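Work through the following exercises on salt bridges with the structure in view. Each task is followed by its solution.

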Amino acid sequence: MPFGWPSLGLPWKLQVKIQKLSIEFDLVAGERALRRILIAEVLTVGVEYVYVWNNTSVMVDEVFSHRLGLIPLNVVDPALLGIKSSPNDQATDRNTIVFKLQFDGYPGRAGGGFSARPPAPTIPETVLVKPRPGQVIEMETHAVKGVGKDKFSTVATASYRLLPHVILDEANPVPPHLATRFRDCFSPGVIKRGVRGETIGREVLRHPDLAKYVKLARVRDHFILNVGSEGPYESQRLPLEVIRVMREKISTLKSAAEALRT
């Protein structure tokens with residue numbers, strides 16, 4: 001999928017591979033900025049306020065509230081939720097999602113807990129506390145929208161690596177009787193399908209009779225990024241959110257630069 005910002009002169013090229021909860025794509029430039037924004041500046045939704053009405057479990061209120069704040073939430077679309085301009089803003093159905101946690105400590109008599117329907121925790125089976133029979137938990141949590149550095153990151157994994165480059169000497173090809181050993185020195189499928197899956201383990205360089213047929217390198221301006229979603233966004237949407245944030249930053253910087261001229 002080709003992509004770029006022609007007006008800004010950034011020759012980005014994306015090749016996207018989407019899995020269930022992760023996305024892998026190629027990038028020609030801007031890899032560090034993209035990763036930093038993914039981790040810290042993409043808008044997400046998280047628990048900010050916890051109101052404890054009753055808690056007789058062994059876990060104290062402060063620790064319980066902290067655990068609730070660390071739970072990734074899966075909301076339909078964070079863009080539909082408004083953002084509070086200050087902590088003192090009134091909570092409304094436009095800027096706050098309310099969850100109620102109720103448990104009376106007896107099997108079969110739970111008060112509902114977190115809703116199984118969206119919006120809900122990304123992992124509904126998250127264990128918060130194991131109360132004893134007769135202990136009561138009754139809380140209300142307010143989730144609001146914020147950025148990753150204030151709440152938690154929207155990604156479970158955001159890493160990048162340089163594209164491997166396996167250079168074969170056409171003038172000195174691998175002899176047929178060494179082909180199987182040579183193939184087994186690389187990751188499965190690298191020789192037939194391409195070097196994308198190669199980890200540059202340098203196993204082939206351990207064998208003097210094979211090392212002379214190949215050179216291992218990396219493409220210095222070609223990065224492979226892997227991003228795993230851990231929140232409300234689908235993995236393929238995360239790069240688009242990053243680009244939106246980057247465009248806002250560039251627009252702000254451009255406005256500031258123009259203001260200095262006047």
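**Exercise 1.** Is Arg244 buried, partly exposed or exposed?

Solution. This is a predicted model, in which local features need pLDDT of at least 70, side-chain atom pairs count only at pLDDT 80 or more, and totals for chains, interfaces and linings use all residues. Residues are numbered from 1 along each chain as its sequence is written, and side-chain values use heavy atoms, with hydrogens and water left out. Buried means under 20% relative accessible area, exposed over 50%, and partly exposed in between (1.4 Å probe, protein chains only). Arg244 has a relative accessible area of 29%, so Arg244 is partly exposed.

**Exercise 2.** Find the salt-bridge partner of Glu248 and place both residues in the fold.

Solution. A salt bridge is a side-chain nitrogen of Lys or Arg within 4 Å of a carboxyl oxygen of Asp or Glu. The partner of Glu248 is Arg244, with the closest N and O atoms 2.9 Å apart. Both residues lie in helix H6 (residues 238–261), four residues apart, about one turn of the helix. Helices are DSSP runs (H or I, at least four residues), numbered from the N terminus. Salt bridges that share partners join Arg237, Glu241, Arg244 and Glu248 into one network.

**Exercise 3.** Classify the two residues of the Glu241–Arg237 salt bridge by accessibility.

Solution. The closest N and O atoms of this pair are 3.1 Å apart. Glu241 has a relative accessible area of 10% and is therefore buried. Arg237, at 24%, is partly exposed.

**Exercise 4.** How many salt bridges does the rule give?

Solution. The count comes to seven. Among them is Arg206 with Glu203, at 2.9 Å between the closest N and O atoms.

Methods:
Helix = DSSP H or I, 4+ residues; strand = E, 2+ residues; numbered from the N terminus.
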